[in-house]
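User: Please take a close look at a single part of this model, a pair of packed helices, and set that part in the context of its chain and of the neighbouring chain. A connected account would be preferred to a list.

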Amino acid sequence: MIGSVLGWLLDPEHWRSTPFDTGIWAQLGAHVGFTLIALAIAVLLALPAGLVIGHTGRGSWLVSAANAVRALPTVGVLVLLVVVISPHFYGRTNAGFLIPTEIVLVVLAVPPILSNAYAGVQNVPPQVRDAAFGMGMTGPQVLGRVELPNALPLIFSGFRSAMLQVIATATIASYVTLGGLGRFIYDGLAQKDYPQMIGGAVLVAALALISDLLVALVQRYAVSRGVSRRFRTDTGPDSRTAVLVEEDVR
Amino acid sequence: MSVDVLPLDASSSPLAFWSYFLDHRSTDLGWLWDHTWLSVVPVVVGLVLALPLGWLARRHAWVYPPMMSVTGLLYTIPSIALFVLIPPLFGLSVLSPLQVPIALSVYSTSLLVRVVADGLAAVPSETVQAATALGYRPLARFTRVELPIAVPVITAGLRVAIVANVSIVAVAGTIGLDNLGRLFDQGFTLSVNEPYYPPIVLGIVLCVLLALVLDAVVLVVDRLLTPWRRAVAAR
């Protein structure tokens, strides 16, 4: 079985698109596309909101409300929104599937980003915040120059958690007849072409692992060494230990 | 796996989910039961595996970073991919009833190892020293002093794991494995021409209720295991 999966993955014919079949490269591009759109919207919505809620301490109910969304079954919400929204789009575009999928992906990506940005600002030691105000910084300056850099490790862990969830859910979106790497899993299942199905799963897992690794690298260079305490090879608990709020529902 | 003949003349309003449930009671209750054990058993397996692993990571500091990397990697793999990858790795048939519990046990263990290790790390060192001075040997000290004190952290992790599992199990419904996720599959199949909401709404309602009930059960267990917290609060 492993041999035939490797055979499927290594066949260059499967990577190119033909008039009848979409190749791996094209589906990978589609998958990354859905993921980036959803993450960009979620970051634009949730990051400023989380920072401001953490800074002012007002509106923390919004964080609790966003977290409650996590009890919803992802697949169910996806299918429901597709069924509700897709009849409003006709013609040859796939907007009827794309728009509900993106809404679900954004809804899933918002809670980890929001709650981690909030928790990151809240966890800044009060002495640090007081010192910044004492030096004459204004509220927005404290937020931008002190609280944000200190909150970055948690913000990154929230973003990583959101990204993994979006990649995973974009895979399931193939079930509602959208493109992406999940196509190979569901098509392989439907055609009983198990090397294709398992090959698709390998690709999805690889995409998730590589994306996480890339963001981890960015995080390493974006977070100030004064915050990450990465002056030498330190074997303490890393930033991902900090809070349970980042844990996700997939 | 057979889908009953559905009375399509029945109301397709989202609020008709209750009559849909009554019409297909035996199938739906069967899926609810499948969903329940698929959500609970892997968390129990995960806890049983995570306790010794977490203890090891706490006991030997050098074990912690590699163990967290491995569990982090496993937790990174999307659920649908893990479901599909489990059978070839374990030599099972492609759609096996064991693939979902195995995949979820992998997730639960990955999540809980970190929780157990961090929960044990949060036990005050004076308490551990006092227990040692009272004559507790390492194993007894672990089970009777460190573990009880770590219970609140561990149950917090259990709540996250069990609520996550309820959502992930539904994903397995899309590849035809029996659980409440099959209601979404039914709803999607029946909505080809015009929207037919009842099974989808029913599935969401049952999943959320199941998550709330299981979460509450963990909370009750947490209360039963930590009577001293109430004693302190009452004083």
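Analyst: The account below begins with the helix pair, then turns to a loop residue, the contact between chains and the database record.

The model is predicted, and the description should be read accordingly. In chain B, helix α5 spans residues 99-121 and helix α7 spans residues 138-172. The two pack with their axes 9 Å apart, at an angle of about 155°. Angles over 145 degrees count as roughly antiparallel, and α5(B) and α7(B) are therefore roughly antiparallel to each other. Their crossing is right-handed.

On the α5(B) side, the residues that make this contact are V100(B), L104(B), Y107(B), S108(B), L111(B), L112(B), V115(B), V116(B), D118(B), G119(B) and L120(B). From α7(B) come E146(B), A150(B), V153(B), I154(B), G157(B), V160(B), A161(B), N165(B), I168(B), V169(B) and A172(B). Sorted by class, the contact between α5(B) and α7(B) comprises 16 nonpolar, four polar and two charged residues.

A further link in chain B involves L95(B), which lies in the loop between α4 and α5. Apart from neighbours within four places in sequence, L95(B) is in contact with G176(B) and L177(B). G176(B) is 81 residues away from L95(B) along the chain, yet their C-alpha atoms are separated by 8.3 Å. L95(B) has 16 C-beta neighbours inside 10 Å and therefore counts as partly exposed; the buried class requires 20 or more, and the exposed class 12 or fewer.

Both helices of the pair also take part in the contact with the neighbouring chain. That contact takes 43 residues from chain B and 42 residues from chain A. On the chain B side, the elements giving two or more residues are α3 (64-76), α4 (79-90), α5, α7, α8 (181-190) and α9 (198-225). Helix α7(B) supplies the largest share of that side, ten residues. By class, the side of chain B that touches chain A has 32 nonpolar, ten polar and one charged residues.

For chain A, an unreviewed UniProt entry lists residues 24-47, 68-91, 97-119, 162-186 and 198-223 under "transmembrane region". Two of these segments can be compared with the model. Residues 97-119 of chain A are 100% helix and 0% strand, with the end C-alpha atoms 34 Å apart. Over residues 162-186 of chain A, the chain is 68% helix and 0% strand, and the end C-alpha atoms are 23 Å apart.

Methods. Residues numbered from 1 in each chain as written. Chains lettered and ligands numbered in written order. Predicted model: local features only at pLDDT ≥ 70, side-chain atom pairs only at ≥ 80, totals over all residues. Axes fitted to C-alpha atoms, helices over the stretch in contact; angles between N-to-C directions. Helix = DSSP H or I, 4+ residues; strand = E, 2+ residues; numbered from the N terminus. Parallel < 35°, antiparallel > 145°, perpendicular 65-115°, else oblique. Left-handed = near helix turned anticlockwise from the far one by under 90°. Contact = placed C-beta atoms within 7 Å. Nonpolar A, V, L, I, M, F, W, Y, C, P; charged D, E, K, R; others polar. UniProt positions renumbered as here; feature names shortened; annotations may be inferred.
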